[in-house]
Amino acid sequence: MLTGYFLEYFVKTKSALLFVLTLLISMLACGRNIATETTLPAGLTTRNLTHDGNERSYLLYVPANFDASKSAAVVFAFHGGGGNADYMVGVSKFNEIADEEGFLVVYPNGSGRRGASLLTWTGGTCCAYAQQKNVDDVGFVRAILADLQTVTSIDTKRVYATGMSNGAI
């Protein structure tokens, strides 16, 4: 009886329509990645973010044939210890494969004492700066995915990772 009265009251008011629309939009938005930017430029761009109070960066490769209307597959390519994202772009050749297959490639930068050189990843008891400072690289990867979801829709079932040496640990 109380439920029927409650519904009858809301149906009779103008706020009912607003309430129902707001609820419906909220429910629809819960299951989607809502990008705030509408297009990603093709090619290689640097993106920066703050994670755990540290400025971090990654390179994002978007192929020219990228279809932003579909949820994107993402490949993370981690450089080895002492390397950086620029180096990994050159040795991996993933951009060429992404051009053929239409996926995004993320080249994260590790962390280190000297800016963009001699970067490492935390790998248990390895390696150098990242291990000594207990850098949260897993959290950094999650932050990258969250950042990507602000600019395009990501297919979270098609997120892959590869790396070399320390970047493969």
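User: What makes up the accessible surface of the protein chain, and how is it obtained?
Analyst: The accessible surface comes to about 10,400 Å², of which 58% belongs to carbon and sulfur atoms; such areas come from the Shrake-Rupley method with a 1.4 Å probe, and for residues only the protein chains shown count as cover. This is a predicted model, in which local features need pLDDT of at least 70 and side-chain atom pairs count only at pLDDT 80 or more, while totals for chains, interfaces and linings use all residues. Residues are numbered from 1 along each chain as its sequence is written, and side-chain values use heavy atoms, with hydrogens and water left out.

User: How many of the residues count as buried?
Analyst: A residue is called buried when its relative accessible area is under 20% (1.4 Å probe, protein chains only), and 36% of the 169 residues count as buried.

User: Which helices and strands does the protein chain have?
Analyst: Helices (DSSP runs of H or I, at least four residues) and strands (runs of E, at least two) are numbered from the N terminus, and the protein chain has 6 helices and 5 strands.

User: What makes the strands a sheet, and in which order do they stand?
Analyst: Two strands pair if DSSP finds at least two bridges between them; 6 bridges join β3 (residues 72-78) to the parallel β5, so by that definition these two strands pair. The 5 strands form an open sheet in the order β1-β2-β4-β3-β5, with mixed pairing.

User: Why are β1 and β5 said to stand at the edges?
Analyst: Each of β1 (43-51) and β5 (154-163) has a single partner strand, so one side of each is left without a neighbour in the sheet.

Conventions. Buried means under 20% relative accessible area, exposed over 50%, partly exposed in between (1.4 Å probe, protein chains only).
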